[in-house]
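Hi everyone, thanks for making time for this. I'd like to walk you through one model, going from the sheet outwards to a few local details.

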Amino acid sequence: KRILLVEDNPLNCEIESEIIGTTGAIVEIAENGRLAVEKVKNSPEEYYDLIFMDIRMPEMDGYQATKLIRKMERGDCQKIPVIAMTANAFEEDKKDAMAAGMNGHMAKPIQVEQLLSMLAEMMYKK
């Protein structure tokens with residue numbers, strides 16, 4: 001399995017990629033939404049199995065990036081699970097994530113059990 005982790009904070013990135021890596025998945029990093037969109041655009045179809053998307057990032061936020069990924073004219077871009085990872089944990093934030101085309105929402109700081117559970121749920125839902 002291949003996961004795209006979109007995270008601008010180096011410490012969060014290191015922790016999250018270590019946790020995801022314990023599952024045996026390959027983790028690729030994008031430091032902002034613009035780079036995430038480019039990585040998806042330049043990858044073959046079905047390359048990524050899941051995207052963990054930070055919301056607040058420089059250059060392009062996670063909502064904008066998800067909307068652009070969903071608009072790509074490739075079959076995988078409409079169905080790849082995208083999970084919001086954000087310090088904003090209010091009900092309104094969850095609604096905004098879903099409105100942007102995301103499939104789930106996780107509050108930071110990330111809990112190991114929650115991350116692994118979300119990963120398992122989304123990866124095997126396909």
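Let me start with a term I'll lean on: two strands pair if DSSP finds at least two bridges between them. With that in hand, here is one bridge to look at: the partner of aspartate 54 in β4 is methionine 85. That bridge belongs to the pairing of β3 with β4, which runs in the parallel sense over 4 bridges.

Before going further, please keep in mind that this is a predicted model. The average pLDDT over the chain is 92, and 98% of the residues reach at least 70. Where is the confidence lowest, and where is it highest? The lowest mean, 84, belongs to helix α6, residues 112–123, while helix α2, residues 33–41, has the highest, at 98. As a general caution, predicted coordinates should not be read in detail where pLDDT is low.

Now, the sheet as a whole. It is open, with 5 strands in the order β2-β1-β3-β4-β5, and the pairing is parallel. Which strands stand at the edges? Those are β2, residues 26–30, and β5, residues 104–107; each has a single partner strand, so one side of each is left without a neighbour in the sheet. On average, and ignoring direction, neighbouring strands are turned by 20 degrees against each other.

On the other side of β3's pairings we find β1, again parallel and again over 4 bridges. There, isoleucine 3 has leucine 50 in β3 as its bridge partner. Helix α3 packs on the sheet and touches β3 and β4, and its direction makes about 150 degrees with that of β3.

Let's stay with β3 for a moment. Is this strand enclosed or open to the outside? It is largely enclosed by the rest of the structure, because 5 of the 5 residues of β3 are buried. Leu50, Phe52 and Asp54 point one way, Ile51 and Met53 point the other way, and all of them are buried. That fits a general pattern: in a regular strand the side chains alternate between the two faces of the sheet.

That brings us to the nonpolar cores. The largest has 23 residues, and the members that touch the most others are Leu4, Val6, Val40, Ile51, Met53, Ile69 and Met102. At least two core residues come from each of β1, α2, β3, α3 and β4. Apart from this one lies another core, of 17 residues, which includes Leu5, Cys13, Phe52 and Met106. To see how one core member sits among its surroundings, take leucine 4: beyond its neighbours within four places in sequence, its contacts include Ile29, Ala36, Val40, Tyr48 and Ile51.

Next, a buried glycine. Glycine 62 lies in helix α3 and has a relative accessible area of 0%, so it counts as buried. Leaving out residues up to four places away in sequence, glycine 62 touches Met53, Asp54, Ile55, Met57 and Met102. Glycine 62 also sits 7.9 Å from asparagine 32, C-alpha to C-alpha, though the two are 30 residues apart in sequence.

Now for the backbone geometry you may want to check yourselves. In general, most residues other than glycine have a negative phi, and most peptide bonds are trans. Glutamate 46, in the loop between α2 and β3, has a positive phi of about 65 degrees. Glutamate 59, in the loop between β3 and α3, also has a positive phi, of about 75 degrees. What about their exposure? Glutamate 46 is partly exposed at 41% relative accessibility, whereas glutamate 59 counts as exposed at 58%. And there is a cis peptide bond between lysine 108 and proline 109, with omega of about 0 degrees; proline 109 is in the loop between β5 and α6.

Last stop, and it takes us back to glutamate 46. What reaches its backbone nitrogen? The side chain of aspartate 76 does, at 2.9 Å. Aspartate 76 lies in helix α4, residues 75–79, and at 7% relative accessibility it is buried, because the cut-off for that label is under 20%. Setting aside its neighbours within four places in sequence, aspartate 76 is in contact with Pro44, Glu45, Glu46 and Tyr47.

That's my tour; I'm happy to take questions.

Definitions and conventions
Residues numbered from 1 in each chain as written. Predicted model: local features only at pLDDT ≥ 70, side-chain atom pairs only at ≥ 80, totals over all residues. Heavy atoms only, no water. Buried < 20%, exposed > 50% of the residue type's maximum accessible area, 1.4 Å probe, protein only. Polar contact = N/O pair within 3.5 Å; in protein donor to acceptor, adjacent residues only side chain to side chain. Contact = heavy atoms within 4.5 Å. pLDDT = per-residue confidence, 0-100. Core = buried A, V, L, I, M, F, W, Y, C linked by side-chain atoms within 4.5 Å. Axes fitted to C-alpha atoms, helices over the stretch in contact; angles between N-to-C directions.
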